[in-house]
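Trainee: I'm new to this one. Can we look at it together and talk through how each label is earned?

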Amino acid sequence: MARSLVAVLLLVALAHARHEKYEGHQLYSIWGPSQEIADLDAKLDILSAKAASASGQLEALLRLAPEEKEAWLQYFDTKNIGYKLMAENLADIFREEDVKIQKSKANAKRNGRSISWDTYYNAEEINEHLDELGRKYPDLVTVINPALSYEGRQIKYVRISTSRFEDLRKRVIIIDAAVHAREWVTTPVALYIIDQLVANIADNRLTEQLDWVIIPMANPDGYEYTINEDRLWRKTRSKAHEGAEECPGVDGNRNFDHHWGTRPESADPCSLIYEGPSAFSEPEIRVIRDVVNQHLDRAALYISLHSYGNMLLYAWGNNGTLPSNGLSLHLAGVQMATAIDKLKLDKAEHYIVGNAASVLYYSTGTSRDWTRAVGIPLTYTMELPGYEYLFVVPPEYIKQIVTESWAGIAEGARYVLSIYN
Ligand SMILES: *[C@@H]1O[C@H](CO)[C@@H](O)[C@H](O)[C@H]1NC(C)=O
């Protein structure tokens, strides 16, 4: 016992040192005209943004380092951008998170579970879990090792099928998670979907009448970097572009080949939304591309799990118009959202369903738009809840989020069965 206590204390001590880069960094909520806020995205660490009202205003969360704070607040004053302090010290928030995760992991171990819904796991633990599922349910689960990440980590995904993907009448559902590294809660949701399809089967039809491909950890390099170096890292960790020494990594959800290269904000390697040196430059994103292409003839629903904001967003993000099946996209989205809202916490906001550019802002190179353009009928970016914690969702909320999100995705799957079968 003394030994494990020492180990925990040591980890906590290391963790404390690790978050020093955010010592004294504050979090602000800001609001103002959409384009003005969106333009800040390239210069500042905007953590998230959402429409404030129907008035064309955007509300965003922003991290400000102590040394830049005064200048930016003055700039906001001159531009009539409103702001409000949300958190005093990000480093404290990350340290609290570390302590909680250590505790819940220790609890899970004591209870002899390999994985539980009250803590976060590292990339290796997640891969082990997937391999274990493959061994335990060989007739249902196939673990694929399609490619390595830029830094050489395995990007595993699972194929779930009662007919080994050979029944060509079945529709395919494709889900990915953790394209954005700091959006930790997305991976437990992907793992829970797998669990509900293979281990604790909730609705037979969803397992038997559909084939599923689930990529729970699409960006392991970025994810490990959030664990070990910088909790707020979003991009990949590639260095294949000019300027990579100073600004490594690419925003995976700007790297798809759909209107790629048409927005100046995404061309700057130092931007949070850098699209990469070419479309599909990132090995992690090519894995998603290849999965989609491989199943294009049968794929009916694609969901990219993101965090946070309680939103189901559909195409076209590049220009704000609707695809030809806009009505279906909205209808299926509303059905998913309704199922989620039934289970949501009182303090959570209702899901917003809508066109990505209308609800949020214009974006290019997204997986949602690319998958729709190449022919999957129903494609969404799904923004999970963050409550007041933003990306740093405390582990005690994981159970709630995986449960309600599964309810929504199961509803989406039923919609697919009702329409396309
Ligand atoms: C908006 O973008 C979509 C996707 O590329 C395209 O099909 C559509 O024609 C565009 N609409 C307008 C008005 O530019």
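Mentor: Sure. Keep in mind that this is a predicted model. Start at G375, which sits just after α12 and takes a positive phi of about 125°.

Trainee: What makes helix α12 mostly covered?

Mentor: Helix α12 spans residues 367–374, and six of its eight residues are buried. Buried means under 20% relative accessible area, so each of those six falls below that cut-off.

Trainee: Which residues of α12 are the buried ones?

Mentor: They are S367, R368, D369, W370, T371 and R372.

Trainee: And what covers the buried residues of α12?

Mentor: The cover includes the helices α9 (283–294), α10 (326–343) and α11 (356–359). Strands β9 (299–307), β10 (311–314) and β12 (378–384) are also among the covering elements.

Trainee: Now the ligand. Which residues surround the ligand?

Mentor: H258, H259, W316, N318, N319 and T321. That shell divides into one nonpolar, five polar and no charged residues. Trp counts as nonpolar, so W316 is the nonpolar one.

Trainee: Why is the pair between N319 and the ligand called a polar contact?

Mentor: A polar side-chain atom of N319 lies 2.4 Å from an oxygen atom of the ligand. The cut-off for a pair of N or O atoms is 3.5 Å, so this pair qualifies. N318 has a polar side-chain atom 2.9 Å from a ligand oxygen, and for H259 a side-chain N or O atom is 2.7 Å from one.

Trainee: How much of the ligand does the protein cover?

Mentor: On its own the ligand has 360 Å² of accessible area, and the protein covers 46% of that.

Terms used
Residues are numbered from 1 along each chain as its sequence is written. This is a predicted model: local features need pLDDT of at least 70, side-chain atom pairs count only at pLDDT 80 or more; totals for chains, interfaces and linings use all residues. Side-chain values use heavy atoms; hydrogens and water are left out. A residue is near a molecule or strand if one of its heavy atoms lies within 4 Å of it. A polar contact is a pair of N or O atoms within 3.5 Å; within protein, one must be able to donate a hydrogen and the other to accept it, and residues adjacent in sequence count only if both atoms are side-chain atoms. Accessible areas come from the Shrake-Rupley method with a 1.4 Å probe; for residues, only the protein chains shown count as cover. Buried means under 20% relative accessible area, exposed over 50%, partly exposed in between (1.4 Å probe, protein chains only). Helices (H or I, at least four residues) and strands (E, at least two) are DSSP runs, numbered from the N terminus. Contact means heavy atoms within 4.5 Å.
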